[in-house]
Amino acid sequence: MNDTIELINVKKVIQSKEIIKDISFSVARGEVFGFLGPNGAGKTTVIRMLVNLIRPSEGTIRICGCDLKTDRKQAMNKIGAIIEQPELYGYMSGYSNLKHYANMNRNTITHERIMEIASIVNIEKSLKQKVKTYSLGMRQRLGLAQALLHKPDILILDEPTNGLDPNGIREFRKYIRHLAETYDMTIMISSHLLSEIELMCDRVGIIEHGKLIELKDLKAGAISSNQKFRMKISDSKLASELLNMKGYLHKKLDSHILELSTHEHIMPEIIQEFSAHHIKIYWVTPITATLEDHYFSTLSASEGM
Ligand SMILES: Nc1ncnc2c1ncn2[C@@H]1O[C@H](COP(=O)(O)OP(=O)(O)O)[C@@H](O)[C@H]1O
Ligand SMILES: [Mg+2]
């Protein structure tokens, strides 16, 4: 059982409007999963179902193998979440906020655990300060500490970088990767901004009008397996003739630069062929289509559906 979040044919109807239309996907243990889509696409609605704030109209949700319908409590113990804004009290210190939250939700959280989690999110030096003096980034880390107090296996964050400045976003990204890698946590992050998701996540699901329209692997290798390569060589005219003979798709940019559209597995063969004909290769560089290109082409392709 490697999937920690599973949605199977999940639908949600609110006031006879189909907000979520038959969504299925799963997130593996240790994966950082991005949930990307424009405002109003249905991200928060899906997340509210995952944390049991609302029930699906149809379908099954499993958290670490526990069905939300039958093992709700067990499933909820596995999840820590921040939906929209974390609930923080400005007039209380960071420590009191964590203590208060721990008392409200679970009585088993010790002083040591609070200090441990504060150090993980790097807030321990400011714990005595009132939260109203915190920067947005500090508040957000305190929110993270709150969600992580009970050692969940899964962390779910709804638009967590909203309002953060570029520096704050960069720092936040670092924490997320650290949590996933150090504690083998499964992390799901929603966003309408693909630039954030792209750098933080292993995989992304794109949602639009309540439908999952794409699942895409972002890990190194996956995205580069079939793409473009640009190369600088001594004779692109001869190279182009060789490629034409073999039927490889390419473009000659000038007398030294070629652009090839192919699978990376084919590259060694092409390089050998060039060498056999005494074409010197100065460099080869992959040109990765960004997720941005992909996101917009996917969205525009599904327009009007
Ligand atoms: N309680 C509700 N009642 C009516 N409509 C809702 C409710 N919750 C969400 N919606 C609608 O469902 C759609 C998806 O909303 P939401 O899940 O908040 O999208 P996102 O988080 O992707 O911006 C929106 O059109 C929103 O207006
Ligand atoms: Mg939302």
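## Ligand 1 and its shell

Ligand 1 is surrounded by Ile14, Gln15, Lys17, Ile19, Pro38, Asn39, Gly40, Ala41, Gly42, Lys43, Thr44 and Thr45. The model is a predicted one. By class, the shell splits into 4 nonpolar, 6 polar and 2 charged residues.

Oxygen atoms of ligand 1 meet polar atoms of the protein at Lys43, Thr44 and Thr45. At Lys43 the partner is a polar backbone atom, 2.8 Å from a ligand oxygen. Thr44 uses its side chain instead: an N or O atom there is 2.8 Å from an oxygen of ligand 1. Thr45 also contributes a polar side-chain atom, at 2.5 Å from a ligand oxygen. On its own, ligand 1 has 560 Å² of accessible area, and the protein covers 61% of that. Two or more shell residues come from each of strand S2 (17–28) and helix H1 (43–50). H1 gives the most, with 3 residues.

## The four-stranded sheet

Strands S2-S1-S4-S5, in that order, make an open sheet of 4 strands with antiparallel pairing. S2 and strand S5 (66–67) are its edge strands, and each pairs on one side only. S2 therefore has two roles here: sheet edge and a source of residues for the ligand shell.

Strand S1 (residues 3–14) and S2 run antiparallel and are joined by 8 bridges. One bridge pairs Val10 with Ile23 in S2. H1 packs on this sheet. The helix touches S1, S2 and strand S4 (58–63), and its direction makes about 120° with that of S1.

S1 and S2 form a hairpin with 2 residues between the strands. In this hairpin, Gln15 takes a positive phi near 50°. Gln15 also belongs to the shell around ligand 1.

## The six-stranded sheet

A further open sheet has 6 strands in the order S6-S7-S8-S3-S9-S10, and its pairing is mixed. Strand S6 (79–82) and strand S10 (211–217) stand at the edges. Each has a single partner strand, so one side of each lacks a neighbour in the sheet. From one strand to the next, the twist averages 15°.

Both pairing directions can be followed through S9. Strand S3 (residues 32–36) runs parallel to strand S9 (residues 203–208), with 4 bridges joining them. Gly34 stands opposite Val204 in S9. S9 and S10, by contrast, run antiparallel and are joined by 6 bridges. Arg203 has Asp217 in S10 as its bridge partner.

S9 and S10 also form a hairpin, with 2 residues between them. His209 lies in the turn and has a positive phi of about 45°.

## Helix H5 on the sheet

Helix H5 (residues 136–148) lies across S6 and strand S7 (154–158). The helix runs at about 155° to S6. S6 is one of the two edge strands of the six-stranded sheet.

Terms used
Residues numbered from 1 in each chain as written. Chains lettered and ligands numbered in written order. Predicted model: local features only at pLDDT ≥ 70, side-chain atom pairs only at ≥ 80, totals over all residues. Heavy atoms only, no water. Near = heavy atom within 4 Å. Polar contact = N/O pair within 3.5 Å; in protein donor to acceptor, adjacent residues only side chain to side chain. Areas by Shrake-Rupley, 256 points an atom, 1.4 Å probe, with all protein chains shown as cover. Nonpolar A, V, L, I, M, F, W, Y, C, P; charged D, E, K, R; others polar. Pairing = 2+ DSSP bridges. Axes fitted to C-alpha atoms, helices over the stretch in contact; angles between N-to-C directions. Contact = heavy atoms within 4.5 Å.
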